[in-house]
Amino acid sequence: MSQGSIEVYESEDRTFSPLADFAAVALAGDDSLYTEAEADFEAFWARQARALLDWHDDFHTTLEWDLPFAKWFVGGTLNVSHNCLDRHVNAGRGDKVAIHWEGEPGDTRTITYRELLADVQRFANALLKLGLRRGDRAAIYMPMIPELPVAMLACARIGVAHSVIFGGFSPDAITDRCEDAEAKLVITADAGYRRGAPSPLKPNVDSALAAGGPTVEHVIVVDRCGTDPAMTPGRDLWWADLMAESAPDCPAEPMDSEQLLYLLYTSGTTAKPKGIMHTTGGYLTQVCFTHKYVFDLRPDTDVFWCAADIGWVTGHSYIVYGPLANGCTSVMYEGTPDTPRPLFRGDDRGGWPKDRLWDIVERYGVTQLYTAPTAIRTFMKWGEEWPAGHDLSTLRVLGTVGEPINPEAWMWYHRHIGGERCPVVDTWWQTETGGHMISPLPGATVTKPGSATRPLPGIFAEVVDAGGAPVGAGGGGHLTVTRPWPSMLRGIWGDPDRYRQTYWSTYEGRYFAGDGARVDDDGYFWLLGRVDDVMNVSGHRISTTEVESALVDHSAVAEAAVVGAKDEITGQSIVGYVILVGKVEPSEELRQEIRAHVGVKLGPTARPKAVFIVPDLPKTRSGKIMRRLLRDVADGRDLGDTTTLADPGVVAEIRDRAAAADDED
Ligand code: PRX
């Protein structure tokens, strides 16, 4: 996406000061953490690592930095599962609720730290019995059910790296990820509930493994919906059977601080997703630190809710690892915000009410809510009467993540959800950064709606111009990170050159995040969106090339170009322009078929909102597709100068066809 296509509603004069009762744990409105980190960032992180986590062996070196390869807390050993579970139980907090889980149909489970630890140990033993060992990889393709964090923590307990694949992804995505990571195991469920009905998962795993993934030896299946999936004898095993046969105790093995904790695949600018690598000690330190300070956590009394999906990094860091490492109580919800009214609690109104989230906040007494701007804009569209019908007075801090938040949405969130008393923390970070990077601290930072404010203590970021020189106040350019940070990605699985090339080659010595940003007179960062060919649809990263490849994979398509168009709710929406092969005739059915084809190849999130069949694509005389023009057509903007085009008539024709076609969905 180009910077030019993003509107920034700035109003730097609108500010919100921190409230006095936000102690932010150790930082009562003063800048002590910032000052400490500024003076010696390695010492700062070393102190946090020792203060926040239990180490089996202390580390001897805080950071080994051989640009762009980092090792944090070298020589240290620890276990993530021990830090998330055992230490809380050992300290007498076994009866504390770890997870209040709510299924989409309204079924609920309350899971204490002791119960979670017991399940994790049993499942870790099951994995060992199946022959999984430290250094192996397991793919996880599950709905938002408690077995998902159990599977992740069991992997971490024995040093198996997990690769969670979002439940909305298609079989192709499962095959690719299993093959790239050489996964030995897939953990899945028969199906998960989605908008009132079971949405099958196990059949997708079967199709995926029929197409490839030869290293997969077993598939473990949770029976979530009772859909009775086909089971391949010898390969497929029921979760419940394994748990029943498994021994109860499985000690947490000390892991090297740099042991691979997980892979998470994310879209880049090419068709092949990248396996982002996160390791143990540094990742857990930063995730634990940011979860505690950014959300002003009071672990004894808070009920934290990150309403994301564990299939994305937000769920890894702020549903599973951060909240559990901090020993707090979390909410986990399986479904969508507008699922049918649960019948379980004797409520027979039925229908599709739009207050499910607010009902959950009220019933569990949620204190922090963390969601995405696209969700907030949807709530705005549904109207404030839905939250107004609930008591939301337990909320203390509101968070957002995933894309730039427009100030109107920020203000709505602040007013209608936060009752004008909850600080809003707009957290900028990425799959690659592992944890928050730029965000306010509720007790210390004056906020401005639309700005993620400034880098957190221990994080050093600068906006640079095309030549790599930092821009001054009021300047705009590319966002870079100037020093290593503990939860940074350690590389791209199997491709160190691509790691160097993608993140560290644009500006010497700097990590380039792919985002545009502006800095205001107070040194605040205003994120402007991606500057590369990555789209952001409802906070999900999708590469234009990936969608283009899926379009040309359809037998009727000769050539394709994809752009992200502006969308009021989802931030961006995908628009594809295709040229048909040979004598194939355009038709409405074909347009829909091509759209659906992408949905099947890449999953529903990547299905274009519209596909236009065009006679040609606007290209420069050197043959480069002019995406700017296609974006302008998609956004209905004036086309400006088209004189560099090989055939200016093409654009007029495309615009007419686009105008004639109905908007899909
Ligand atoms: O463009 C930025 C946007 O999301 C991208 C990272 O996407 P992903 O790796 O999927 O992780 C999303 C959840 C961390 C970034 O490059 N982004 C994320 N948070 C913000 C944001 N843009 C503006 N403001 C944010 N708070």
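These legends go with close-up views of a predicted model.

**View 1. Seven strands line up in an open sheet.**
Reading across the sheet, the strands come in the order S12-S11-S8-S6-S7-S14-S15, and their pairing is mixed. Strand S12 (236-238) and strand S15 (274-279) sit at the edges with a single partner strand each, so one side of each has no neighbour in the sheet. On average, neighbouring strands here are turned by 25° against each other, direction ignored.

**View 2. Zooming in on S7 and S14, a parallel pair.**
What holds a pair like this together? Strands of a sheet pair through backbone hydrogen bonds, and they can do it either parallel or antiparallel. In this view, strand S7 (residues 161-164) and strand S14 (residues 260-266) go for the parallel sense, over two bridges. To find one of the partners, look for histidine 162: its bridge partner in S14 is tyrosine 262.

**View 3. Another open sheet of seven strands, with a helix packed on it.**
This time the order is S5-S4-S17-S16-S18-S19-S20, again with mixed pairing. Which strands are at the edges? They are strand S5 (108-112) and strand S20 (424-426), and each pairs on one side only. Neighbouring strands in this sheet are turned by 20° against each other on average, direction ignored. Helix H4 (residues 113-129) packs on the sheet and touches S4 and S5. The direction of H4 makes about 90° with that of S5.

**View 4. S4 and S17 run side by side in parallel.**
Here we stay with the sheet of View 3 and pick out strand S4 (residues 97-102) and strand S17 (residues 329-333), which are joined by four bridges. A handy landmark is histidine 100, which stands opposite valine 331 in S17.

**View 5. The ligand and the residues around it.**
There are 17 residues around the ligand, and the ones that come nearest are Asp426, Thr431, Asp515, Arg530 and Arg541. The shell is a mixed crowd: six nonpolar, six polar and five charged residues. Now look at the ligand's oxygen atoms. One lies 2.9 Å from an N or O atom in the side chain of glutamine 430. For arginine 530, an N or O atom of the side chain is 2.8 Å from a ligand oxygen, and the side chain of arginine 541 also has an N or O atom 2.8 Å from an oxygen of the ligand. How much of the ligand does the protein cover? On its own, the ligand has 540 Å² of accessible area, and the protein covers 97% of that. Helix H10 (313-325) and strand S24 (525-530) are the elements that give two or more residues to the shell.

**View 6. Two helices, H3 and H5, cross.**
The axes of helix H3 (residues 80-93) and helix H5 (residues 147-158) come within 7 Å and cross at roughly 120°. On the H3 side you'll see Val80, Ser81, His82, Cys84, Leu85 and Asp86, which meet Leu153, Ala156 and Arg157 in H5. Sorted by type, the contact has five nonpolar, two polar and two charged residues.

**View 7. A couple of backbone details in loops.**
Leucine 67 and proline 68 are joined by a cis peptide bond, with omega at about 5°. Proline 68 has its place in the loop between strand S1 (61-66) and strand S2 (69-74). The other detail is glutamate 182, a residue other than glycine with a positive phi, near 50°. Glutamate 182 lies in the loop between helix H6 (171-181) and strand S8 (185-189).

Terms used. Residues are numbered from 1 along each chain as its sequence is written. This is a predicted model: local features need pLDDT of at least 70, side-chain atom pairs count only at pLDDT 80 or more; totals for chains, interfaces and linings use all residues. Side-chain values use heavy atoms; hydrogens and water are left out. Two strands pair if DSSP finds at least two bridges between them. Axes are lines fitted to C-alpha atoms, for helices over the stretch in contact, and angles run from 0 to 180 degrees between N-to-C directions. A residue is near a molecule or strand if one of its heavy atoms lies within 4 Å of it. A polar contact is a pair of N or O atoms within 3.5 Å; within protein, one must be able to donate a hydrogen and the other to accept it, and residues adjacent in sequence count only if both atoms are side-chain atoms. Accessible areas come from the Shrake-Rupley method with a 1.4 Å probe; for residues, only the protein chains shown count as cover. Ala, Val, Leu, Ile, Met, Phe, Trp, Tyr, Cys and Pro count as nonpolar, Asp, Glu, Lys and Arg as charged, and the others, Gly among them, as polar. Contact means heavy atoms within 4.5 Å.
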